[in-house]
Amino acid sequence: MSDEKITRKEMIELLNADLSREYQAIIAYTVYSQVIKGAKYTDIARELEKHAGEELSHAIKIAKQIDYLGGSPVVVPQPVKTSDDPVVMLRADLENERVTVANYRQRIRQAEAMGEFALSETLRQIIVQEQDHEIDLSDALGIDVPLPQDIAGKANGRHLSDDLKPRRANAARR
């Protein structure tokens with residue numbers, strides 16, 4: 001696991017990239033929760049509002065860790081994908097959550113290799129909610145929760161599009 005060993009400066013850079021994705025999530029969930037229309041989206045719109053608040057909490061925790069490590073938190077979000085199609089928006093959110101979870105898994109290993117156990121514990125708390133977001137979005141899309149992915153966006157040799165197919169009617173649920 002020598003590739004997990006990084007410097008404090010590298011960790012700050014990686015956490016700032018994570019923070020930028022948290023900002024993206026705050027914006028996306030805020031906007032999507034207001035523009036998704038229709039009776040079948042009422043419940044998910046409320047859930048997206050809740051997700052926005054959770055993402056803000058994550059951003060504050062990440063910014064606090066960046067400050068603790070001696071860095072300055074970034075102020076620019078990753079680009080937010082918009083669409084008139086609710087399914088496109090929900091799939092964009094799901095893909096963003098998958099990237100976030102994959103990055104936090106790596107960040108936990110890196111924090112532990114550095115001996116930054118409080119940081120790894122903070123990230124563990126965040127990843128629990130991020131995975132809940134994956135579950136909620138998958139349910140809203142009527143698909144199984146996609147397999148964990150690596151940083152390159154592949155899940156066990158498959159691409160995300162392989163995991164975004166509707167679940168089979170007779171497939172066992174969690």
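At 1% relative accessibility, R98 counts as buried, where buried stands for under 20% relative accessible area, exposed for over 50%, and partly exposed for what lies in between, with a 1.4 Å probe and protein chains only. The side chain of R98 meets that of E95 in a salt bridge with an N to O distance of 3.8 Å, the term being used for a side-chain nitrogen of Lys or Arg within 4 Å of a carboxyl oxygen of Asp or Glu. E95, with a relative accessible area of 25%, is partly exposed, and both residues lie in helix α3, three residues apart, which is about one turn of the helix.

This is a predicted model, in which local features need pLDDT of at least 70 and side-chain atom pairs count only at pLDDT 80 or more, whereas totals for chains, interfaces and linings use all residues. Residues are numbered from 1 along each chain as its sequence is written, and side-chain values use heavy atoms, with hydrogens and water left out.

The chain as a whole contains five helices and two strands, and from the N terminus on its elements run α-α-α-α-β-β-α. Helices here are DSSP runs of H or I with at least four residues, strands are runs of E with at least two, and both are numbered from the N terminus. Of the 174 residues in the chain, 43% are buried. Among the contacts with a separation of 6 or more, 77% are made by residues 24 or more positions apart, a contact being heavy atoms within 4.5 Å. The accessible surface comes to about 9,300 Å², and 54% of this surface belongs to carbon and sulfur atoms; such areas come from the Shrake-Rupley method with a 1.4 Å probe, and for residues only the protein chains shown count as cover.

By the rule already given for salt bridges, the count comes to eight. One of them joins R109 to E4, with the closest N and O atoms 3.4 Å apart. R109 lies in helix α3 (residues 86-114) and E4 in the segment before α1 (8-35), so this pair ties together parts that are 105 residues apart in sequence. The two partners differ in accessibility class, since R109 is partly exposed with a relative accessible area of 36%, while E4 is buried with a relative accessible area of 8%.

Another salt bridge, between E47 and K50, has its closest N and O atoms 3.7 Å apart, and these residues both lie in helix α2 (residues 42-68), three residues apart, about one turn of the helix. E47 counts as partly exposed at 22% relative accessibility, and K50 counts as partly exposed at 48%. In addition, D18, R21 and R107 are linked in a network of salt bridges.

Helix α1 offers two further residues to look at. S33 lies in this helix and counts as buried at 6% relative accessibility; leaving aside residues up to four places away in sequence, S33 touches A45, L48 and E49. V31 also lies in α1, but at 35% relative accessibility V31 counts as partly exposed. Together with I27 and V35, V31 forms a nonpolar patch on the surface with about 210 Å² of accessible area. Patches are made of residues with over 30% relative accessible area and no salt bridge, like charges being joined within 9 Å and nonpolar side chains (Val, Leu, Ile, Met, Phe, Trp, Tyr) within 5 Å.

In helix α3 one finds R91, which is partly exposed with a relative accessible area of 31%. R91 and L141 are 50 residues apart in sequence, and their C-alpha atoms are 7.7 Å apart in space.

The last topic is internal space. Rolling a probe the size of a water molecule over the atoms shows where empty space is left. The structure holds one cavity of 30 Å³ or more, where a cavity is a set of points, on a 1 Å grid over the protein atoms alone, at which a 1.4 Å probe fits but cannot get out, and lining residues have an atom within 4 Å of a point. The largest cavity encloses about 70 Å³, a volume being the space filled by probe spheres set on the points, which are joined across faces, edges and corners. Its lining includes R21, E22, Y29, E55, D93, N96 and E130. The elements that give two or more residues to this lining are α1 and α3, and α1 gives the most, with six residues.

Definitions and conventions:
On a 1 Å grid over the protein atoms alone, a cavity is a set of points where a 1.4 Å probe fits but cannot get out, and a pocket is an open set with protein on both sides within 12 Å along at least five of seven lines; lining residues have an atom within 4 Å of a point.
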